[in-house]
Amino acid sequence: MNFAARLDKVETSAIRELFKLLGKPGIISFAGGFPDSAMFDVEGLREASRLALAEQPGAALQYGATEGYDPLRAELAAFLRAKGVERIDPSGLIVTTGSQQALDLLGKTLVDPGDKVIVEGPTFLATIQCFRLYGAEVISAPIDGEGVRVDRLEELIVQHRPKFIYLIPTFGNPSGALLGLERRRRVLELAVRHQVLVVEDDPYGDLYFDAAPPPSLLALSESVPGSRDWIAYCGSLSKVLSPGLRVGWLAAPSELLARATMCKQFSDAHTSTFAQATAAQYLKAGRMPATLAHVREIYGQRARTMGEALRRELGDAIAFTQPQGGLFFWARLTGAGGKLADASELARRAIGEGVAFVPGAPFFATEPDTSALRLSFATAGLEQIEEGVKRLARALA
Ligand code: PMP
């Protein structure tokens, strides 16, 4: 078959190969990016889907508007207002089939072959691949424990004149990092100064364990003059409610939103009306605060357990910042005591010991750090986390 040349720019991820091994019996997995299915609010979603069919059967089962189902858009706008985005109304966002589709629409709408896009190093792998598929040259800006280094970001903007910048400021995947308030302000000032669009991907912002994170760039843009026109925000119900619903959204300046809507029309016409009506009923019923409190508590316990176990079992052979939210530890093998510093080799040995994780190198668009690894604490229970970290220590010994 003669495939499109654009496919030469992407490859199936190395991570997929690893996932094939996860079916082995007895493996403890720190590898997935999935939320824990045991935490889905099945009862609440059953009731929401029942109401969707009882109250709006026509709308829930019929074709719908590409922009999304209006009652859901209204609920999502209210959800954002509750998180400090004061100037948002339902027409300021469209519903997408997961936030993954919002990213794809941004790629489709904005990227010409050869355009440059700046992302964090490391960042969400599917985004790198998606932007590359549209021909982007993807450039990495380094991060530290406080998220992207804004000084380096500005240098890269000046050097490369990117089409846009893609950031996961709150509990990034894979970094778990939280961009501080001051840096958030500076990112918005950069956007205005250099007239460059910033794409904020925020599927994890509600998953904080103790204190709430600083406001999203979208919320903060209301107090940084001129910056609101340079923010596109991708949200998702996947990590807090259910990824299978495939409900995400894109809030962006109106001209960009109109073009993204046009592209969506040719792609999937609209996001499942049944899923949208169910999500709308769920939000309307006011169940979200309790759901969020529950997932925050469970993931917070798992994160604390993993952090303590890593410090106890691996000591100075591993370096990491304790995540304050999200689903991931991002760590580096230090090589201390002559121990292994290559995360891919450790991943192979770890499978032999019965524990899986994802090496960090594929998450870098450029200059991979081969000592980095991502450990998810989302799906393993507390005992499994303790046991898995012990196995990891054996693999490293
Ligand atoms: N962005 C990031 C940073 C993610 O980690 C994910 C899911 N792993 C997505 C977007 C896509 O999520 P969804 O399409 O389910 O909303």
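Q: How many of the six residues of β8 are buried?

A: A residue counts as buried if 20 or more other C-beta atoms lie within 10 Å of its own, as exposed if 12 or fewer do, and as partly exposed in between, with C-beta atoms placed from the backbone. Strands (E, at least two residues) and helices (H or I, at least four) are DSSP runs numbered from the N terminus. In β8, six of the six residues are buried, so this strand is largely enclosed by the rest of the structure. The model is predicted: local features require pLDDT of at least 70 and side-chain atom pairs count only at pLDDT 80 or more, whereas totals for chains, interfaces and linings use all residues. Residue numbers start from 1 along each chain as its sequence is written.

Q: Which residues point each way from β8?

A: In a regular strand the side chains alternate between the two faces of the sheet. Here Ile-231, Tyr-233 and Gly-235 point one way from β8, while Ala-232, Cys-234 and Ser-236 point the other way, and all are buried. Strand β6 (residues 164-167) is likewise covered on both faces, with Phe-164 and Tyr-166 buried on one side and Ile-165 and Leu-167 buried on the other.

Q: What is the order of the strands in the open sheet of eight?

A: Two strands pair if DSSP finds at least two bridges between them. The order is β2-β9-β8-β7-β6-β3-β4-β5, and the pairing is mixed. Both β2 (93-97) and β5 (147-148) stand at the edges with a single partner strand each, so one side of each has no neighbour in the sheet.

Q: Which residues stand opposite one another within this sheet?

A: The pairings can be followed strand by strand. Strand β3 (residues 116-121) pairs with β6 in the parallel sense over three bridges, and Ile-118 stands opposite Ile-165 in β6. Four bridges join β6 to β7, again parallel, with Ile-165 opposite Val-198 in β7. Strand β7 (residues 197-201) is joined to β8 by four bridges and runs parallel to it; here Val-198 stands opposite Ile-231. Between β8 (residues 231-236) and β9 (residues 247-251) there are four bridges, and the strands run antiparallel. Tyr-233 faces Ala-251 in β9, and the bridge partner of Ser-236 is Gly-248.

Q: Which residues come nearest to the ligand?

A: A residue is near a molecule if its C-beta atom, placed from the backbone, lies within 6 Å of it. Of the 13 residues around the ligand, the nearest are Gly-98, Gln-100, Asn-173, Ser-236 and Ser-238. Helix α5 (residues 98-110) gives the most to this shell, with three residues. For classes, Ala, Val, Leu, Ile, Met, Phe, Trp, Tyr, Cys and Pro count as nonpolar, Asp, Glu, Lys and Arg as charged, and the others, Gly among them, as polar. The shell has four nonpolar, eight polar and one charged residue.

Q: How is the protein chain divided into domains?

A: Domain bounds come from an automatic or database domain assignment. It gives domain 1 (5-41 + 290-396) and domain 2 (42-287), with C-alpha centres 25 Å apart. Residues are in contact if their C-beta atoms, placed from the backbone, lie within 7 Å. The contact takes 36 residues from domain 1 and 37 from domain 2. On the domain 1 side, α12 (288-314), β11 (328-333) and β14 (372-376) each give two or more residues, and α12 supplies the largest share, eight residues. That side comprises 20 nonpolar, ten polar and six charged residues.

Q: Where does the largest nonpolar core lie with respect to the domains?

A: Such a core is a set of buried Ala, Val, Leu, Ile, Met, Phe, Trp, Tyr and Cys residues joined through C-beta atoms within 7 Å. The largest has 122 residues, and Val-198, Leu-250, Phe-357 and Phe-377 have the most contacts inside it. The greatest contribution, eight residues, comes from α12. Both domain 1 and domain 2 give residues to this core, so it lies between them. Not counting residues up to four places away in sequence, Phe-357 touches Phe-30, Ala-31, Ala-347, Ala-350, Leu-373, Arg-374 and Leu-375.

Q: Which strands form the open sheet of four?

A: The order is β10-β11-β14-β13, with antiparallel pairing. Since β10 (318-320) and β13 (358-359) stand at the edges with a single partner strand each, one side of each is left without a neighbour in the sheet. Two bridges join β13 to β14, and Val-358 has Arg-374 in β14 as its bridge partner.

Notes: Two residues are in contact if their C-beta atoms, placed from the backbone, lie within 7 Å.
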